[in-house]
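Trainee: Got a few minutes to go through a model with me? I'd like to start with the salt bridges and then zoom out.
Mentor: Sure, put it up.

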Amino acid sequence: MQFEVDMRAPEVERIIGTDHSLEVIADNVTFSEGPVWDPRTRQFYYTDICGDTIWRWKPGVGCEVVLQPSAHANGMCFDREGRLLVAGWGGRTVFRFEKDWSVVTLASHYQGKKLNSPNDIVVRSDGQIYFTDSPGGMLNVGMVGDDLQKYLDIQGVFRITAQGKLILVTDDFVYPNGLCFSPDEKLLYVNCSRERLIRVYDVNADGSVAKGRLFYQYTNTDRGNPDGIKCDVEGNVYCTGPGGIWLHDKQGNVLARLKVPGHPTNFGFGDDDWRSIFVTTVGNVVRTRVNVPGVPGW
Amino acid sequence: MTWSFDCVAGPYKGITGGVAWNGEWILFSAVQEERILRYDPATGAVDDFRRYTGRTNGIATAASGEVFGAQEGGRRVIHFKADGSTAPTCDLLDGKHHNQPTDIIVDKQGRVWFTDPHNPVAPYGPPVYPFLEHGSVLRLQRGPNGAWTLNRITADTKEPRALLLSADEKNLFVGEGNAEMGGRCQLRAYALDANGTAGACKVLYEFGEGERGIEGMALDSEGHVIACGGWKKSGSGPAIFVFAPTGELLESHGAPFDLPMRCAFGGRDMVTLFVTSGDGRLYRCDAGGRRGVSRSAGAA
C-alpha cells in the first residue's frame, strides 16, 4: 500500500525520503490511538478507543492484549523508568502501569472536580507528565465511560510534577488534543481539534509556560482535524490535520502533507533508529519509513 | 377563545427544546447552549439545572423523580442523576448505535421511550458509526440488575419527532415526519398491548405538503393531544393544536413566535402550558383552562 504526498516543499525528500509505502501492522481495531514505541522491549503499544483495549505488537510475533476493558483509553507514552502512562479518556483519569503491570491512578480531579477526559500525554526529561484534557471522552459515540457529566469549566493542559502535584499549564483551548516538546524541550506544541490550530509555548525551567502564540492555523476543508503531533530531531513538526499528516518546519511553513488513508488519528516514531512512523487510523495501524528520525521516546 | 403567550425566560442562543414539569420546576433545554434550565412558576426565577448537556433536547421526568435527556449531540439517552453526575443508558440497538434521540417520555413502569430520527446537525466526535437506515421510536427498559436494554417499537416510521402516551398507556401518539428534511408530516397512533408492543399504525392527521408537523406534545386531563407545530414559512403558520384522541383537529391557536417546539403542563394546579420555541424562549399560556396530566413526582 502506498500513500500520496502533496504540498511538497523542495527540501522535503531529504526529510521523508521517496518511498511512501505503508505496511499494515494491525487491523484489529475500530479506532486506534495512543501509538508509542518501547525501545527496551522493541514493542509497539497502541489503544483501540472504541474497542476498549490497550494492545501491544511485537515485530514478527503479533498483537497481544495489555488491558481490556481499558476505560476507552486514548493517548499513551513511556516515562523515564519505562512505565507506560495512559491518558484514560472515558475513565477520566491519567494512570500508570507499574513494572508488574498493576495500575496506579496519577490524576483524576482538579480543584476537587473530576477531570474531563485526558486525551494525549507526553513526558519531559525531568519526569513531569503533561496531558490534554479535552471533553470528547464524555460525549463521543462509543468512547465514553460511566459518568458523562462535565464538571470543569476549562479544557486544560495539565502537568503532573515529580511529587505528584497536578498543575494547570494553560486553559487557552476549546479542545486541546495532541502535544509534544521540541527536541530541546524549550517549546511545547499543543493543537486544538475544534479551532484547527497549533499553538506553541516557551517552556520555563520549572515546566510552566509563557504566553502561547499561534504556530499554524489549518484552513483546508478536507476531512480531519489536528490530533496527534510529534517533532523529529531537527525540530520539524508533524501533525495530523485535514486530509492526512502535515509536516511543518520550525516556523510553521508546510513542507508536505502525507495523505495516509483511513483517517489518521495519531502517530509515533519507533523502531531502533526512530525512523519509522507508526500511524493509528480509524480501522488499522500502519507503518512507514522516513529519513530524519523522530525525537526518541523514553 | 384566543390563547395568549407570555415569554417567561430567554432568549437563549438557538432553539429551546425539551420541556418537562418535575413537580417543582419547569425544566427546559437551551439545546445549543448545552444547558437545561429550570423555571420556578411560583417566583419566576430561572437558573441552571444542568450545564454541559451535550446538546440534550428532550427531557423526561419519571414518577420516581429521575430525569432523563435525549442527547442529540452524543446519540444517546442520558440519566441526570440527583448527585450531579450523568449516566449513559444503552445506546446499542441490536449491536448498532442508534441515531440522534430528540423527544423522550417515561411511562408508569419507568421505561424510557424516545424518538430516534436523523438530525441535520452532526453528532460529536469522529463519524465512526453509521446511522441506522430507519428512524424509529425506541424504548429503554431496566433489568433487575439495573442494566438497560433497548428495543425498537415502531417499524414504519422514518423521522419521528414527537411522542406521547395516553393516560392509560394503551395508545402511543407519534409526530412523524420532518418538514425541514422535506418529509410529509403526520400525527399517528399505535395501540399498545399489555407488553407495550405496538400494533398497526393509524394515521390520525395528515399535514399538507411543505407544512411543518408536530415537534412536541402534551396530554390534557380529557385525553386531548396538545401539539406544537407549524411554521411561518408555509401552511397556516406556527400554532398549538388541540387534537381529539381520534385525531380530529379541534382547535388551532396561532403562536406569536415561529417554530413552536415542545410543551408541557406545569405549575401547582397543572393549568399552565409551557412552550419552547425556535426563537429560544420559554412561553407560558393559560391554554383555555385545560389541565395537564403528569406522571412526574409531586404532580397528583
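Trainee: Okay, which residue forms a salt bridge with B:Glu215, with the closest N and O atoms 3.3 Å apart?
Mentor: That's B:Arg262. Keep in mind that this is a predicted model.

Trainee: Where do B:Glu215 and B:Arg262 sit in the chain?
Mentor: B:Glu215 is in strand β20 of chain B and B:Arg262 in strand β24, residues 260-266. They're 47 residues apart, so the pair links distant parts of the chain.

Trainee: Is B:Arg262 buried or exposed?
Mentor: Buried, with a relative accessible area of 3%. B:Glu215 counts as buried too, at 8% relative accessibility; the cut-off for buried is under 20%.

Trainee: And what does B:Glu215 do with B:Arg161?
Mentor: Their side chains meet in a salt bridge as well, 2.9 Å from N to O. B:Arg161 is in strand β16, residues 160-165, and B:Glu215 in β20, residues 214-219, which puts them 54 residues apart. B:Arg161 is buried, with a relative accessible area of 10%.

Trainee: Switching pairs: what's the N to O distance between B:Arg142 and B:Glu66?
Mentor: The closest N and O atoms are 2.8 Å apart, and the two form a salt bridge. B:Arg142 lies in strand β14 (136-142) and B:Glu66 in the loop between β6 and β7, so the bridge ties together parts that are 76 residues apart in sequence.

Trainee: Buried or exposed, those two?
Mentor: Partly exposed: B:Arg142 has 35% relative accessibility, and B:Glu66 has a relative accessible area of 21%.

Trainee: How many salt bridges are there over all chains?
Mentor: The structure holds 37. In chain A, there's a network of them linking A:Asp79, A:Glu81, A:Arg83, A:Arg96 and A:Glu98.

Trainee: Staying with chain A, how many helices and strands does it have?
Mentor: One helix and 27 strands.

Trainee: How does its radius of gyration fit with a compact globule?
Mentor: It agrees: a compact globule of 298 residues would come out near 19 Å, and chain A has 17 Å. The C-alpha atoms fill a box of roughly 50 × 45 × 35 Å along the principal axes, and 62% of the residues count as buried.

Trainee: What about the charges in chain A?
Mentor: There are 31 positive and 37 negative side chains, with the centres of the two sets 3 Å apart.

Trainee: Last one: how much accessible surface does chain A have?
Mentor: About 10900 Å², with 48% of that belonging to carbon and sulfur atoms.

Key: Residues are numbered from 1 along each chain as its sequence is written. Chains are lettered from A and ligands numbered from 1 in the order in which they are written. This is a predicted model: local features need pLDDT of at least 70, side-chain atom pairs count only at pLDDT 80 or more; totals for chains, interfaces and linings use all residues. Side-chain values use heavy atoms; hydrogens and water are left out. Helices (H or I, at least four residues) and strands (E, at least two) are DSSP runs, numbered from the N terminus. The radius of gyration is taken over C-alpha atoms; the globule rule is 2.2 Å times the number of residues to the power 0.38. Buried means under 20% relative accessible area, exposed over 50%, partly exposed in between (1.4 Å probe, protein chains only). Accessible areas come from the Shrake-Rupley method with a 1.4 Å probe; for residues, only the protein chains shown count as cover. Lys and Arg count as positive and Asp and Glu as negative; His and the chain ends are not counted. The place of a charge is taken as NZ of Lys, CZ of Arg, CG of Asp or CD of Glu. A salt bridge is a side-chain nitrogen of Lys or Arg within 4 Å of a carboxyl oxygen of Asp or Glu.
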